[in-house]
Amino acid sequence: MTDKEKRTIDSLVAKKVPITKIAEQVGMSKNTVKSYLQRKKLSDVCLNCGTTLKHIPHHKKKKFCSDKCRMHYWNTHPQEMSLKNVTVIKCESCGKEVFSYRKKPRRFCSRACAAEGRKKNA
Ligand SMILES: [Zn+2]
Ligand SMILES: [Zn+2]
């Protein structure tokens with residue numbers, strides 16, 4: 001399996017494409033893809049620099065060793081960012097339009113505005 005194939009699989013997995021479809025797309029057997037993913041699960045590495053990541057049990061899995069790596073990765077792989085949860089929201093406090101990457105879109109552009117909004121509603 002080449003690095004390029006691995007990256008393709010990774011990005012398809014990130015998009016929640018079923019393994020059968022991923023296997024079709026990269027032209028490998030389902031088992032090959034599966035075992036690759038299994039191995040990856042055991043030793044997760046930073047998607048950007050390859051540093052092995054330590055997972056804290058019961059915490060959300062990390063994909064990057066640092067914020068720096070995360071920023072760099074998304075800057076260089078914007079097409080891999082899952083766009084599903086991205087919505088443009090208008091800050092309820094100042095009206096600025098910002099991206100929200102959360103499942104449940106946020107309502108304010110910043111913490112300061114959120115505090116401001118809470119004050120207003122109170
Ligand atoms: Zn890293
Ligand atoms: Zn705002």
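This passage describes a helix pair and a β-hairpin in a predicted model.

Helix α1 comprises residues 3-14, and its length is consistent with its residue count: at 1.5 Å a residue, the 12 residues of α1 should span 16 Å, and the C-alpha atoms at the two ends of α1 are indeed 16 Å apart. Just beyond the end of α1, Lys 16 adopts a positive phi of about 65°. Helix α2 is formed by residues 19-26.

The packing of two helices is described by the angle between their axes and the distance between the axes. For α1 and α2, the angle is about 150° and the axes lie 10 Å apart. Because angles over 145 degrees count as roughly antiparallel, α1 is roughly antiparallel to α2. The crossing of α1 past α2 is right-handed. On the α1 side, the contact is made by Glu 5, Thr 8, Ile 9, Leu 12 and Val 13, which meet Ile 22, Gln 25 and Val 26 of α2. By residue class, this contact of α1 with α2 contains 5 nonpolar, 2 polar and 1 charged residues.

The strand pairing involves β1 (residues 87-90) and β2 (residues 97-100), which run antiparallel and are joined by 4 bridges. Within this pairing, Val 88 stands opposite Phe 99 in β2, while Lys 90 has Glu 97 of β2 as its bridge partner. Together, β1 and β2 form a hairpin, with 6 residues between the two strands. In the turn of this hairpin, Gly 95 has a positive phi of about 85°.

Definitions and conventions: Residues numbered from 1 in each chain as written. Chains lettered and ligands numbered in written order. Predicted model: local features only at pLDDT ≥ 70, side-chain atom pairs only at ≥ 80, totals over all residues. Axes fitted to C-alpha atoms, helices over the stretch in contact; angles between N-to-C directions. Parallel < 35°, antiparallel > 145°, perpendicular 65-115°, else oblique. Left-handed = near helix turned anticlockwise from the far one by under 90°. Contact = placed C-beta atoms within 7 Å. Nonpolar A, V, L, I, M, F, W, Y, C, P; charged D, E, K, R; others polar. Pairing = 2+ DSSP bridges. Expected span 1.5 Å × (residues − 1).
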